[in-house]
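Trainee: Hi! I'm new to this one. Could you walk me through it?
Mentor: Happy to. Let's put it on the screen.

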Amino acid sequence: MTRPTKRTSPPATAGGDAARELYDELTDDLLYDPAIGHGTIMGHPCIRLAGQFVACLERNGTALILKLPADRVTTLIAAGTGTQFAPTGHPMHEWVTIPEPDRTLWQSLLTEAVAFARQNLPARSDG
């Protein structure tokens with residue numbers, strides 16, 4: 001398997017691309033793991049771990065969407081840090097939207113999301 005290459009973001013515009021630049025930087029930092037790669041999900045740029053969804057940037061490029069354990073999602077929503085992700089009007093209980101770009105928070109939650117995806121990988125059988 002070839003290692004994914006880092007993407008380069010276009011320069012920031014006067015309107016600001018802070019969330020996209022932060023997303024690109026933090027997700028590119030995860031590429032040290034050859035099982036992690038960039039892709040898309042529901043039209044959103046995303047990262048996956050061995051095919052398992054980890055996180056994506058909201059289509060309008062302003063919020064981070066992550067897959068985390070349902071109890072962690074509930075905690076983030078109760079704390080006012082995140083909002084329920086419900087793209088079709090039905091809440092997805094293991095997905096949360098973090099609307100404000102925050103380097104420390106996003107980095108921490110991405111680490112949690114990678115760990116969650118890793119524990120959900122199918123068990124290997126080494127014959």
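Mentor: One term before we start: a residue counts as buried when its relative accessible area is under 20%. Also keep in mind that this is a predicted model.
Trainee: Okay, so what percentage of the residues in the chain is buried?
Mentor: Of the 127 residues in the chain, 34% are buried.
Trainee: And how many helices and strands are there?
Mentor: There are 3 helices and 6 strands. Along the sequence they come in the order α-β-β-β-β-α-β-β-α.
Trainee: Let's talk helices. At what angle do the axes of H1 and H3 cross?
Mentor: At roughly 40°, and the axes come within 11 Å. H1 and H3 are therefore oblique to each other, and their crossing is right-handed.
Trainee: Which residues meet there?
Mentor: On the H1 side you have Ala19, Leu22, Tyr23, Glu25, Leu26 and Thr27, and they meet Arg103, Trp106, Gln107 and Leu110 in H3.
Trainee: Threonine 27 caught my eye. Is it buried or exposed?
Mentor: Threonine 27 is buried, because its relative accessible area is 0%, below the 20% cut-off.
Trainee: What lies 2.7 Å from a polar atom of its side chain?
Mentor: That's the backbone oxygen of tyrosine 23.
Trainee: Switching topic: how much accessible surface does the chain have?
Mentor: About 7,300 Å², with 54% of that belonging to carbon and sulfur atoms.
Trainee: Last one: what share of the contacts with a separation of 6 or more is between residues 24 or more positions apart?
Mentor: Such pairs account for 47% of those contacts in the chain.

Technical notes. Residues are numbered from 1 along each chain as its sequence is written. This is a predicted model: local features need pLDDT of at least 70, side-chain atom pairs count only at pLDDT 80 or more; totals for chains, interfaces and linings use all residues. Side-chain values use heavy atoms; hydrogens and water are left out. Helices (H or I, at least four residues) and strands (E, at least two) are DSSP runs, numbered from the N terminus. Buried means under 20% relative accessible area, exposed over 50%, partly exposed in between (1.4 Å probe, protein chains only). Contact means heavy atoms within 4.5 Å. Accessible areas come from the Shrake-Rupley method with a 1.4 Å probe; for residues, only the protein chains shown count as cover. A polar contact is a pair of N or O atoms within 3.5 Å; within protein, one must be able to donate a hydrogen and the other to accept it, and residues adjacent in sequence count only if both atoms are side-chain atoms. Axes are lines fitted to C-alpha atoms, for helices over the stretch in contact, and angles run from 0 to 180 degrees between N-to-C directions. Angles under 35 degrees count as roughly parallel, over 145 as roughly antiparallel, 65 to 115 as roughly perpendicular and the rest as oblique. A crossing is left-handed if the near helix is turned anticlockwise from the far one by less than a right angle, and right-handed if clockwise.
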